[in-house]
Amino acid sequence: MPFLDRLQRWADDRPDGTAVVVAGQRLSWEELRDTAAGLVPGAPAVTVLSEENSLHFAAAFAAGVAGERQCAVLDPTWHQQLQDAIRDRIRGLSTGAAAADALTATELADGLPDTTFLIGLTSGTTSVPKAFSRTRRSWQLSFDASIEFFGLAADDKTLAPGPLAASLNLYALAECLYAGSEFHTLSQFDVGDAHAAVSHDGITRLVLVPTMLRLLSERGLSGGVDASGIRSIICAGSKLDARTLEAARRWAPNATIFEYYGASELSFVSGAGLRPGQPPEQRGTGIGKPFPGVEIRILDDAGVELPDGADGNICVRSGMVSDGYLWGDDGQALQSFDGWHTVGDQGYLDRGTLHMLGRRLDMIITAGTNVYPHEVELALASVPGVAAAVAAGLADDLRGQKVVAGIVPSHGGVTATQLKAGVEDVLARNKRPLEYFALAELPLTDRGKLSRELLLDWIARNDPRIRRLG
């Protein structure tokens, strides 16, 4: 496995049922199977897939992992020089006896469970991204865990409106193929197109990042888009802030809203679901309890387990962890302590609940105190008048770094005085921002994730999208 044998089953059981929809174009289970099967004989030992969302993408991905083949999915927005560098490295993996063995199977069927099928790539825009590998078994175990945790059913219609080149959406596609559940996506993210799919295609399930959920919810409420048919929302990338959660609950009142912590190299780690009508817990850094089949420990840099409440490396043990890096391993990105794996994210456990603080590289050290931007951002997002927030550490001669924050104001705006008062009872004094900036937009990467480095760059360049709040 991971999903081709299941695809064959669904094509036999319900050949005319819808399997994949991209921008309104449809492939049935039989059409997807036959299209992918027709591509298998020409598929190389390692397929490099770099294209926008399309029906061809879904079929080519299926063919690219047939038998013992492997597939690497590149972001098509990466510049050509970067893509060429990745292809050159992959070409070096496509020779030898193992590559020859991969080409022996000419049918659309899964290879052996412990063989590699996916070459994952970390996000990158300037340097060559790190590459890690995954076995078929690791994704099958991930499918079983996520289907159980999120309650994915065969009659669900999942919309993942982001790029299939991103691991969140690629996984959602494969998960639906494994579960026999209808998968929808767009040619590219567009709020209007996503709302049209929700309104007219009977979408019951959303898989997306918080920034997308915020846009869909707030504009859906103002535009009267009916989302009452959505039964579940799966959100990844960062913890939901209070405003996004409130908007999503109002827009999709019948949905269970899931948020989880995971990493491409680790798969799922922990998560929690807020059911319709269930009062939310006090918003903080908690990100739920371990996923099915996952154990979590907090270890220090020597691999010693830390007690409840103590910050350290979030380490996991499960069958879903990747095999490690094919290139780019600096010894820090994915570490192992006697079978416990970490990508360097910091957090703590409190009575079984994992609290996620952020990456050590993002940590702000101000006057000898460690401050995690994620904690500051969650506090600011709860202040009235704040639509979104991002925090970072700005170089400071006195403190080493000082905490600064960028705010996207909501309707009516917000002042620095209101911001200071709003976090006074939430953040310790040494964690509170010393400077605030109003932002015209959030500093985001090309994949929709917050970029704290970009915020600091805007401040340094006095970018027109940023204004200091007095």
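A pocket is an open set of grid points with protein on both sides within 12 Å along at least five of seven lines. The model described here is predicted.

**The second largest pocket**

The second largest pocket has a volume of about 440 Å³. Its lining is made up of 22 residues. Closest to the pocket's centre are K239, E259, A272, E281 and G286.

What kinds of residue form the lining of the second largest pocket? Eight are nonpolar, nine are polar and five are charged.

Strands contribute to this lining too. At least two residues each come from β11 (256–263), β12 (267–274) and β20 (353–359). Of the elements, β12 gives the most, with three residues.

**A buried glutamate**

Now turn to E175. This residue sits in helix α7, which covers residues 167–179. Is E175 buried or exposed? E175 has 2% relative accessibility, so it counts as buried. The cut-off for buried is under 20%.

The side chain of E175 makes polar contacts with two other side chains, those of S146 and R205. The table gives the distances.

| Side chain | Partner side chain | Polar contact distance |
|---|---|---|
| E175 | S146 | 2.6 Å |
| E175 | R205 | 3.2 Å |

Which residues does E175 touch, leaving out those up to four places away in sequence? They are F143, S146, I147, F150, L152 and R205. S146 and R205, the polar partners of E175, are therefore among the residues that E175, buried at 2% relative accessibility, touches.

Methods: Residues are numbered from 1 along each chain as its sequence is written. This is a predicted model: local features need pLDDT of at least 70, side-chain atom pairs count only at pLDDT 80 or more; totals for chains, interfaces and linings use all residues. Side-chain values use heavy atoms; hydrogens and water are left out. On a 1 Å grid over the protein atoms alone, a cavity is a set of points where a 1.4 Å probe fits but cannot get out, and a pocket is an open set with protein on both sides within 12 Å along at least five of seven lines; lining residues have an atom within 4 Å of a point. Grid points are joined across faces, edges and corners, and a volume is the space filled by probe spheres set on the points. Helices (H or I, at least four residues) and strands (E, at least two) are DSSP runs, numbered from the N terminus. Ala, Val, Leu, Ile, Met, Phe, Trp, Tyr, Cys and Pro count as nonpolar, Asp, Glu, Lys and Arg as charged, and the others, Gly among them, as polar. Buried means under 20% relative accessible area, exposed over 50%, partly exposed in between (1.4 Å probe, protein chains only). A polar contact is a pair of N or O atoms within 3.5 Å; within protein, one must be able to donate a hydrogen and the other to accept it, and residues adjacent in sequence count only if both atoms are side-chain atoms. Contact means heavy atoms within 4.5 Å.
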